[in-house]
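Work through the three exercises below with the sequence and the model open. Each task is followed by its solution.

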Amino acid sequence: MTELTFSRLGPEDVDELYRAIREIMEENDTHNVDSYDKSSWKWQYKNLPGKTSYVYVGKNTKGKILAYYHVPIYIGNIQGRPERYAMIQDVAVSQTLRGQGVFKRLAIFANEDLDKEGVPVVYTFPNHKSIHTFKKYNDFVFLGTLPSYIMPLDNRLMIGSKINQLGIHKLLGAPFNLLFKILYRSSSSKGVVGLSHEFTNEITEVFDEFAANYDLRIHRSKEYLTWRYLDKPKQNTYIVNLKNAEGKVTAVIILKEDLIMGIPTLLLMDFAHLNKGEKDMIQLLKQIRANQVALFGKSFGLLFITSFSIMNTFWKKAGSFKLPEKIVPRPLNLLARSHVGVNVNNQNDWLITLSDWDVL
């Protein structure tokens, strides 16, 4: 068995950590290995709003890092009061150590240290391989798997990802586009959709009002949203809002470009609406489908949605469909714990969106 020493990352270890991340990503053929670099790591773990991250590493006797465990700290709210949240992400062990219990030992070390730091809530989204360790050895509670929805935007592009000969995809997709236009009609009289290139005070006030419905959530402040979506390297995002007849923003959606199974896709990263504004959120989604070329300069085939929020009972009204969990490639399993007695066990207390997941 390889002898390892566990510790927090020191300044002298940063270059060695970069090497380890790259090496382990290549071992696992990680999808974003070519785009992940030092600037991405610094954005994620050094330049975040609170400027605090705990990074734990396992080193062999020669000082080589063979395992790492990243935990950025965010400011959030717990039952109306500001508090720190620890979000465990980007955890990996070298394949040379598989079967030696290294992940369990590193996880115990890291979580015990977080408790010593007094962080009241820790949450994470482990994959199926590591979920057992979080539950058995670190006292995490499983709160559920986020439901996944897809909303067709342009059926021609969806069909074209599978059949793209002699324009057949256009012929087959056009009737479905017309059907969706009829079934989920948008109306400009119910609000004007537009793009924003910054997070104005008005937009962040909408996020504040929406978040007040939840006892457990990360604070979507202007600083956080700017860091998460405008400062992130190599990211294409759109801030889309709906304004009523008086010109007041009533709903906001943040979208990111992606490619899923060869289909140009928009990921719904975050969203908010004024109180009792679920209909405005649905209207915004419908207008995005109807006006995507005017908004974005191009078409997308799908919009992907997932969350724990009150909107989960409304997504279908915009023409989205819930995916069976067994066909979702990477289910988001929410786990949480608190060593100071905060009740984290009620799924309905949480506001969770794709922005909470580190990979995106």
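**Exercise 1.** Find what phi Gly-297 takes just after H9, then examine the helix itself.

Solution. Gly-297 takes a positive phi of about 80°, just after H9. Helices here are DSSP runs of H or I with at least four residues, strands are E runs of at least two, and both are numbered from the N terminus. This is a predicted model, in which local features need pLDDT of at least 70, side-chain atom pairs count only at pLDDT 80 or more, and totals for chains, interfaces and linings use all residues. Residues are numbered from 1 along each chain as its sequence is written, and side-chain values use heavy atoms, without hydrogens and water.

Next, compare spans: H9 (residues 278-296) has 19 residues, yet its end C-alpha atoms are only 24 Å apart, short of the 27 Å of a straight helix. The expected span is 1.5 Å times one less than the number of residues. Finally, locate the kink: about 70°, centred on Ala-290. The bend at a residue is the angle between axes fitted to the seven residues ending there and the seven starting there.

**Exercise 2.** Determine which residues of H1 are buried, and where they lie around the axis.

Solution. Val-14, Leu-17, Tyr-18, Ala-20, Ile-21, Ile-24 and Met-25 are buried (under 20% relative accessible area, 1.4 Å probe, protein chains only). They cover an arc of only 165° around the axis, so they sit on the same side of H1; the arc is taken from the directions from the helix axis to the C-beta atoms.

**Exercise 3.** Identify the helix that gives the most to the lining of the largest cavity.

Solution. H8 gives the most, with three residues.

Terms used:
Buried means under 20% relative accessible area, exposed over 50%, partly exposed in between (1.4 Å probe, protein chains only).
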